Amino acid sequence: MRCQQTRLLSFAIASLLGMVPQVARAATFIPVDLDQLDLGATIVGPVGPEVEMTFVNDAGEGLGDLISSVSCPTGFDSCVPPDNPLGTLLYTYKHEVTPGVDFPNDPPFPTPASVLPIDNVSEFRLDFAAAGFTGIVGFSFSEAVAAIGSEDISIEQLGDSSLIWQLPLASGWGTGETITFFWQTTQPPTGPGGVYGLANAEQIGTGAGPLPAPVVPEGPNSLALLIVSGVFLVGRRRLAKHKQCDR
């Protein structure tokens, strides 16, 4: 009976804190035009304000170029995350994507020996959780119109908190045409540890880019997590001691 009560108490606390697993659902967003944003200074990293890398397929062939940068809000003459209180600013992550070409990469990222032409690109995505994502996301409308003739790009956040920009399967976006995508978060970058993807119906390539710092619980939330951990720990110890309890 005590074991059952412990399980019920643990479940109740976890439910109140939103820790009980839920069915993963995608959220859709209305795109914002990057051309209309007024941004501040860009973070200057070890290789400069932009990091250039390549989308590479499983065979080691290049499928396109990826140039990423992260900016502070307008009004900042310099963007130095250690000087900014964590979680108080909006950082804009920008990604210039050009399929089918590969400009020289920043060290230590190698340039593939060969680059394949690619057409009808249907998606650009983050293959990691968009920590601190604010719901503000979009792309350059003018570049999209130049590349595919419209602004027909949908944006979703998936159940794992990653983001995906989807184009029509016959988008017409291909070799040599640049579209710049962006998203905003409260989290500054921790380095080029994020994995980004580019794909059409036949090819998938991945490349590295800025990865946002994880959101660290603070104050009461951290205490609540410790309480829940303690409840589960006590429950496990009692379960180990009283194996006769029903599972």
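Two rings of Phe, Tyr or Trp, the last taken by its six-membered ring, count as an aromatic pair if their centres lie within 6.5 Å. By that rule, F55, Y93, F124, F128, W165, W173, F181, W183 and Y196 form one aromatic cluster in this predicted model. The cluster is taken up again below, after the chain as a whole and one of its strands.

The protein chain has 247 residues, and 40% of them are buried. It holds three helices and 13 strands. Of the contacts between residues at least 6 apart in sequence, 74% join residues at least 24 apart. The accessible surface of the chain is about 13300 Å², and carbon and sulfur atoms account for 58% of that area.

A useful place to begin is strand β11, which covers residues 179-185 and has seven of its seven residues buried. In a regular strand the side chains alternate between the two faces of the sheet. In β11, I179, F181, W183 and T185 point one way, while T180, F182 and Q184 point the other way, and all of these residues are buried. Two members of the aromatic cluster, F181 and W183, are thus found on one side of this strand.

Which strands pair with β11? Strand β6, residues 91-99, pairs with β11 in the antiparallel sense over seven bridges. Within this pairing, T92 has Q184 of β11 as its bridge partner. Strand β8, residues 133-139, also runs antiparallel to β11 and is joined to it by four bridges. Here the bridge partner of V137 is W183.

Helix α2 comes next, at residues 141-148, with F141, A144, A147 and I148 buried. Seen down the helix axis, the buried residues of α2 fall within an arc of 130°, so they line one face of the helix. An α-helix has 3.6 residues a turn, so residues three or four places apart point the same way. What do the buried residues of α2 pack against? They pack against β2 (32-33), β8 and β11. Just after α2, G149 has a positive phi of about 85°.

The aromatic rings can now be followed in more detail. A search of the whole structure finds 11 aromatic pairs. In one of them, F55 and F124 meet edge-to-face, with 6.4 Å centre to centre and 85° between the planes. F55 belongs to strand β4 (residues 51-56) and F124 to strand β7 (residues 123-126), so this pair ties together parts that are 69 residues apart in sequence. Both F55 and F124 are buried. F124 also forms an aromatic pair with W165, and this pair is tilted, at 5.3 Å centre to centre and 40° between the planes. Because W165 lies in strand β10 (residues 163-166) and F124 in β7, the pair ties together parts that are 41 residues apart in sequence. F124 is buried at 0% relative accessibility, and W165 is likewise buried at 0%.

The last feature is a covalent link. A disulfide is a covalent bond between the sulfur atoms of two cysteines. The structure holds one disulfide, which joins C72 to C79 with an S to S distance of 2.1 Å. The torsion about this S-S bond is about 70°, so the disulfide is right-handed. Are its two cysteines buried or exposed? Buried means under 20% relative accessible area. C72 has 0% relative accessibility and therefore counts as buried, and C79, with a relative accessible area of 5%, is buried.

How values were computed: Residues numbered from 1 in each chain as written. Predicted model: local features only at pLDDT ≥ 70, side-chain atom pairs only at ≥ 80, totals over all residues. Heavy atoms only, no water. Buried < 20%, exposed > 50% of the residue type's maximum accessible area, 1.4 Å probe, protein only. Helix = DSSP H or I, 4+ residues; strand = E, 2+ residues; numbered from the N terminus. Pairing = 2+ DSSP bridges. Contact = heavy atoms within 4.5 Å. Areas by Shrake-Rupley, 256 points an atom, 1.4 Å probe, with all protein chains shown as cover. Arc of directions from axis to C-beta. Disulfide = S-S within 2.5 Å. Phe/Tyr/Trp six-rings, centres within 6.5 Å; stacked < 30°, edge-to-face > 60°.
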